[in-house]
Amino acid sequence: PLAWSEDHRVSVSTARSIAVLEQLSDVHSGGQDMVIHRTAVPAPGAACMLKVGPKKEVAECKEKFASSVDPTVSQTFMLDRVFNPEGKSLTPMRGFKYSSWSPLGCDANGRCLLAALTMDNRLTIHANLNRLQWVQLVDLTELYGERLFEASYKLCKADTPCGELGDFPEFQRRHSMQTPVRMEWSGICTTQQVKHNNECRDVGSVLLAVLFENGNIAVWQFQLPFLGKESITSCNTIESGISSPSVLSWWEYEHNNRKMSGLIVGSAYGPVKIIPVNLKAVKGYFTLRQPVVLWQEMDQLPVQSIKCIPLYHPYQKCSCSLVVAARGPYVFWCLLLISKAGLNVHNSHVTGLHSLPIVSMTADKQNGTVYTCSSDGKVRQLIPIFTDVALKFEHQLIKLSEVFGSVRTHGIAVSPCGAYLAVITTEGMANGLHPVNKNYQVQFVTLKTFEEAAAQLLESSVQNLFRQVDLTDLVRWKILRDKHIPQFLQEALDKKIETCGSTYFWRFKLFLLRILYQSMQKAPSEVTWRPSHEDAKILISDSPGMGSTEDDQEEGTSKQASKQSLGDTGKGVDMDDTAEDPLHQSSDPGGREPMVEKLLEIQTQIEAVEMHLTREHMKRVLGEVYLHTWITENTSIPTRGVCDFLMSDDGYDDRTARVLIGHILKKMNKQTFPEHCSLCKEILPFTDRKQAVCSNGHIWLRCFLTYQSCQSLVYRRCLLHDSIARHPTPEDPEWIKRLLQGPCTFCDSPVF
């Protein structure tokens, strides 16, 4: 029921919808609580009817089976919810039973897609394109049913002709071959696409494997970014040979720069095996020659969940795969290692973890830690430790009852960087009695300390703040609570900035300074969105015939200023602009001056870091201009203005920037190509990185990715409202479209 995406969104499957909880590390809020934005994917209103034949023939067969004198046919038909999803006298099959997140970078905004499976077996893919609304891109159940119908319900032409739909076994077979049980996404892979001039270009693609009730697996290949039905490249069906399949997972292994892939399938009867997947036209991918059986005993322990974790073997000095599966109250593990002798398989079970069956399992892919939970509120943490031969697990108990009281657990999921554990809970027993009503809640438990999160951010190989929101949230909480940046973090970050040329550490520094600034702000005494009840019709000092003193005039002016600031906040003014005036300060006259000085000092540091990041991005934009333009070619980017802006500060001495600007000015050959205001045709000077103002006072916001003026009514904004960007147009060349696909230069957030 619970899944955590790589872009920090938690999907919770419910009877009415999929609730999506997005974690944000908000730099504009002074509250210490976790910031979560909630959206929802609503359940379809109509029941899903699987396509097993012509509508008229299907209706006749259903009536025939329902009125059959043979009770084994009539009762089986009437009670099977796959045949009767609408229910009639039975309760309707509304809601979702499973959801799965794609890797990062699959939708039009470079974020994750959501595959959702409803209770009545409808498999759909959704995308969050305009920030608050989820859009269904494709219905895979409908598409697969049409493919089977066109192929006469045969997987290949050599298959024997299928029976008549009026035969109950054939009716069951056609349903089971398109009833999804689970679906899982692969990692992003690269395919080659041949253009019209016979050139080959690399195109990103992703695979979605769908496991069906009869053991077949449909592998859908989607071209990225996935936009809908037109992005589907192919669909191949594999026969797994597994009876009563229950779960599915991708096995992706890399050895000597050669990638291998397969599908791990688990059965409700106990067996687990890897099925080869032949990825045609995928660069660098290889597959197994034959299926690999990881566990073959039919011991009636159903496989509830499977996770595959890539690890590095410290003794064998090579990469390996750890496969863990929840089977009843036990955890089955299997270590896969490719050596000169071939594929080595080590497997065993971890026992003594839970007294009840495991209901949910999740894994931290950064360090291989596995978490399991049973319904009695007990969570186990399993840490793999390598030995000379294989590995062993150290496990410890996490008692949720010590944190939340008596609870029952229904699902767990770990955040991408392992900082939080999300748990679905309901009330447990009180005084030996079960609760009358169940209230399902998603609880968040911290798994790392602030020091561990800070160290992981400093040594990160990802170097992207947005992809590590769970870690930055712990750092944010610590600074807001203590109202200062810890000395060890400040010194380590300054050392990284001196030794490394990456802008990632500058963005991390900007994040810390912004949070520190928020921690110094005094919380407003009243809610800023609530309207003021003061009578603002007329000031006494302005009324005719009334005398006024200086005190009255000052009081009236201060009232006007306070109301204006409240009104501006309610209208959604950019927080960067409002933060420049420290309005909310200590009322104590003695402590006010040091606080004002401290805020001004932090604000100066913030502006300096922002200017450094702006200059670095300007150099990147100018580099793209130089590489992709001919002599005296007019690009839509204000090249001359950006060059002049970079060189306007005498204190800025960057040899790389000076050499680059010299080459560009030589190529432009004294041409300026200025921007013009679309309202009055006056020249728009480049004097500010955030906005352009013409001589007639028309103000246009500037795109932070290309520094063009956004002269339209619609534009995009980054997730944390740091900056704005324009939409790409059909006239834009490919290199400008690439620039417009980038994240925010200040906070790494995607742009909507």
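Accessible areas were obtained by the Shrake-Rupley method with a 1.4 Å probe, and for residues only the protein chains shown count as cover. On this basis the protein exposes about 37,800 Å², of which carbon and sulfur atoms supply 51%. The model is a predicted one, in which local features need pLDDT of at least 70 and side-chain atom pairs count only at pLDDT 80 or more, while totals for chains, interfaces and linings use all residues. Residues are numbered from 1 along each chain as its sequence is written, and side-chain values use heavy atoms, with hydrogens and water left out.

Buried residues (under 20% relative accessible area, against over 50% for exposed ones and partly exposed in between, with a 1.4 Å probe and protein chains only) make up 48% of the 752 residues in the protein. Where a contact is defined as heavy atoms within 4.5 Å, residues 24 or more positions apart account for 56% of the contacts with a separation of 6 or more. The protein has 15 helices and 35 strands, these being DSSP runs numbered from the N terminus, with helices (H or I) of at least four residues and strands (E) of at least two.

At the N-terminal end of the numbering, four strands form an open sheet in the order 1-2-3-4 with antiparallel pairing, two strands being taken to pair if DSSP finds at least two bridges between them. Strand 1 (2-4) and strand 4 (35-42) stand at the edges with a single partner strand each, so one side of each is left without a neighbour in the sheet. From one strand to the next, the twist averages 20°. Strand 3 (residues 17-24) pairs with strand 4 in the antiparallel sense over eight bridges, and V20 has T39 of strand 4 as its bridge partner. Helix 7 (residues 469-482) lies across strand 3 and strand 4 and runs at about 55° to strand 3; axes here are lines fitted to C-alpha atoms, for helices over the stretch in contact, and angles run from 0 to 180 degrees between N-to-C directions.

A further set of antiparallel pairings involves strand 11 (residues 200-212), which is joined to strand 9 (residues 180-185) over five bridges, with P180 facing F212 as its bridge partner. Six bridges join strand 10 (residues 189-194) to strand 11, and C189 stands opposite S205. Strand 10 and strand 11 form a hairpin with five residues between them, and N198 in the turn has a positive phi of about 65°. Strand 11 also pairs with strand 12 (residues 216-223) over seven bridges, again in the antiparallel sense, and the bridge partner of V210 in strand 12 is A218. In the hairpin of strand 11 and strand 12, three residues lie between the strands, and G215 takes a positive phi near 100°.

Among the helices, the axes of helix 13 (residues 639-647) and helix 14 (residues 655-668) come within 11 Å and cross at roughly 150°. That makes helix 13 roughly antiparallel to helix 14, a term applied to angles over 145 degrees. Residues T639, R640, C643, L646 and M647 in helix 13 meet R658, I661, I664, L665 and M668 in helix 14. L646 is also touched by R615, as are D649 and Y652, not counting residues up to four places away in sequence. R615 is found in helix 12 (residues 589-628) and counts as buried because its relative accessibility is 15%.

Definitions and conventions
Parallel < 35°, antiparallel > 145°, perpendicular 65-115°, else oblique.
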